[in-house]
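Let us take a friendly walk through a structure, starting with where two chains meet and ending with a ligand. Please have the model open as you read.

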Amino acid sequence: MANPLVPDIGLVTAIRRDTPDVKTFRVVRADTGAGVCFPHMPGQCAMLSIPGVGEAMFSITSSPTNTEYMEFSIKKCGCLTEWLHEMEEGQEVAIRGPYGNHFPVEADMLGKDLLFIAGGIGLAPLRSVINYVRHDDNRAKYGSIDIVYGARSKDDLVDIDEIKNEWSSGSGSSSGTATVHLTIDRAQEGWDGDVGFVPDYVKKLNFDTSKTVLMCGPPIMIKFVLAALNGLGFDKSRIYTTFEMRMKCGIGKCGRCNIGSRYVCKDGPVFRCDEMDSMPDEY
Amino acid sequence: MLKILMSDIGRLFERLSSVGTLYLPIEGGGQTAFAPWRAGADVQLDRVNTDLSVKGLFFPQTEDIAFFKREGKKISVLPSSDPDEPFAVFGVRACDVRGLEVLDKVFLDDPAHMDTFYKGRRENGALIALACSSPAETCFCGAFGVDLAEPSGDVAAWIVDNTLYWEAKTQRGERLTEAVRPVMAEQSGTSAVDASKKAARDALAAAPLASLKDSLSAWGANDMLTLFSSPLWANLSMSCVGCGTCTYVCPTCQCYDVQDFDTGHGVTRFRCWDSCMYSDFTLMASGNPRKTQLERFRQRFMHKLVYFPEKYGGMFSCTGCGRCLSKCPVSMNIAKVIKAVGGVENG
Ligand code: SF4
Ligand code: SF4
Ligand code: FES
C-alpha cells in the first residue's frame, strides 16, 4: 500500500496568463509525458508542490471529460504560488490526489436547470463542472445552463476567451450553449457587460427558483449571494458551494481543515448550503 | 495466567527484548517516557502517568515522508519505507491503550487513505498493558469507560505485592507468552489479581475527578451549536497562552504539519506534531478562520468531546489520562472545561 502523503510527478506542458495574478497551468503525467495524473470528479482537488518551496491544495480546473491533461488556475498569493507563477513550461511538479467530494453531477444535479455563480478565482472549481455538464456526452442529462461571473475589473476575469468563444456559443465536443452573465465591480472603458457586485447582479437577474445553484468565490461573496438567493426564494437545499481552509494532508488526518466535525479536505470541499446550518460559523 | 517475582523482572525484560526492541517507562532527563530498555535503566513501573504517552512510539514527533531531488526542471522522489521492525512496549496503562484506539480511528479508518507509517508500527508493535493499582489525583479514565484494572492490549499485566501476573489477550499476545514462558511460573486461580482489581476500581471511584462522569453526561445533553456558542469559552480560554503543551503530552492529539527541509543534497519532506492551539495553525493567505485563542481553545475541546464522537460512533478523543491537568502552565485543562461548559457546578 502506498503512503498517501507521497506525491507523483507531473509535467507542466503549457502556461497561460489569465489575469495579472492568475495563471492556468496544464499538467500531464511526467513518466509518460501525456494524460492525466489521476482521474477525478468535478470539484475535487489536488495537492501540488515544489519540494523545498511548499505544498498546497488547488481545485482541479479541467473537466474529467478531458483525459489528455489536467489544468489548475492558480492565483498568486504566497510563497508556493509565486514560485509557480515564475516557472516555465517543462517544469516538473509533485502532485497527489484526487481529494475531497465533488459536485453531485450524477445525483441531485441530474435533470435540473443549472445556475453557476462565481466570483474572481472562484471560477476555477466551477469551470471543471461547467465543462463537464457542457460536454456532448453529458449535456442531455441537465436542463438549461446559466453562468453568472464577476470580477474586480475586466482584466480580472479568468478564462475570458473560453467564456466568450466556447461557453456562450458552443464548441468542439461541447456543442451546446450556455447563457453567460458577466459583471465587473466598477465601470471600465470597452466594457458592455453589467457593472456591480455579484450578489446585486444575481438579485437583478431574478432567476427562477427551481434552478440548482453552484457557487464559488470569496467567503464574503458566498454569504451575500446566499442572502440574495434566499431573498429570491431559493431553497438552501438546492444551493451548493465550496469552502477553503488551510490544508496539509488532504485526507482528514492532520486535523487542520475542520469546520465542526467535517473535514473540508475529505467531507468537502463541496457543501450543500442547508448543511451549513448545522456547522459552526468558523469559515 | 503466568507470574514472575518482581525481583526477577529483569529476566522477563531480557526475554521480551529478544523478540524486538523493548520499550519501557524509563526516567531520564527529568521525565518519564517510553524508551528502549537496557540493563540498569531506571524503569518506572509504579509511575502514573508517564510524562509522555505511548503515542510517540507509533506516531513519532517527526518522521520523514520522502526525499526529493531537483535537477533543473526535473524532480525525483524517493519515498521512505514503511516501518516493519518488530517491537514491544511494556507498561502501557489502560488510558494509553485507549489513546491508540482513538488514533486507530483517525489513521486506519479509511481504507483508501491508510496512514502507512502508523499502520506499520501498529502491526509490528506488541502492547503489554499494565493495570493500575493506585490512580493519581488527576486520573479520570473511568469517565470515558476505560477500565484501569482490565486494560486491553496484546497482553495484560498486574503487579500485586511482589509479583507480576501476565495474561495474553490476543494472538500476538499468545506468541509473546511462548517467548517468555521459560522464565515465568504458572498461576492457577485469579483471586490475588481480583482483589487488586477491585481495590483499584474503588480507588478511582474515590478519586477527586470521579464525578466528571456526570458532568460529561451533562455535555451530551446539549447539541453541538449550543456548546459551541457557550459564553463560557471566553473566560475559560482567557488564561491559555497557546503553548501547545497539552496537545504534545496528549495520547490522542494527532494534528500534524508537513514541512520540507533542504539538506543541501536534496529536500526531505517530513511530518511533525502540530497543535491546534497555535495561532498560525489555520492561517491562510486570505485570513484566519480561528482568529483568537478563544476559537483555538474551543476547537481543541469541542474536537475531543463533540466533533470526534460525532464522527466515530460516540468515542471521545480524551482518555482521562490526566497529563494536560498536570502539565498546563496556567492550570487550565479539559476537566475544568467539562465541568464548566457541561453545566455541573463543583461537579
Ligand atoms: S485531553 Fe488531557 S486528559 Fe484527555 S487524553 Fe489528552 S492529555 Fe489526557
Ligand atoms: S491549555 Fe494550557 S497547555 Fe494547552 S495551550 Fe493553553 S496554556 Fe498551553
Ligand atoms: S488537510 Fe489534513 S485534515 Fe484536512
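How much area do chain A and chain B bury between them? In this predicted model, the two chains bury about 4,100 Å², and 54% of that is on carbon and sulfur atoms. On the side of chain A, the residues that lose the most area to chain B are A:P51, A:K253 and A:E282, which together make up 18% of what that side buries. The contact draws 49 residues from chain A and 48 residues from chain B.

Next come the polar links across this interface. Between chain A and chain B there are eight salt bridges. One of them joins the side chains of A:K266 and B:D110, with 3.5 Å from N to O. There are also 25 residue pairs in polar contact across the interface, with both partners at pLDDT 80 or more.

Which elements of chain A give two or more residues to the side that touches chain B? They are β3 (45-50), β4 (54-59) and β6 (92-99). The largest share, four residues, comes from β6(A).

Now turn to ligand 1, which is surrounded by 13 residues. The closest are B:C250, B:C318, B:T319, B:C321 and B:C324. In chain B, α11 (293-311) and α12 (323-327) each supply at least two residues of this shell.

Here is how the residues divide by class in the two places.

| Place | Nonpolar | Polar | Charged |
|---|---|---|---|
| Side of chain A that touches chain B | 23 residues | 12 residues | 14 residues |
| Shell around ligand 1 | seven residues | three residues | three residues |

Key
Residues are numbered from 1 along each chain as its sequence is written. Chains are lettered from A and ligands numbered from 1 in the order in which they are written. This is a predicted model: local features need pLDDT of at least 70, side-chain atom pairs count only at pLDDT 80 or more; totals for chains, interfaces and linings use all residues. Side-chain values use heavy atoms; hydrogens and water are left out. Contact means heavy atoms within 4.5 Å. Buried area is the accessible area (1.4 Å probe) that two parts lose on being put together, summed over both. A salt bridge is a side-chain nitrogen of Lys or Arg within 4 Å of a carboxyl oxygen of Asp or Glu. A polar contact is a pair of N or O atoms within 3.5 Å; within protein, one must be able to donate a hydrogen and the other to accept it, and residues adjacent in sequence count only if both atoms are side-chain atoms. Ala, Val, Leu, Ile, Met, Phe, Trp, Tyr, Cys and Pro count as nonpolar, Asp, Glu, Lys and Arg as charged, and the others, Gly among them, as polar. A residue is near a molecule or strand if one of its heavy atoms lies within 4 Å of it.
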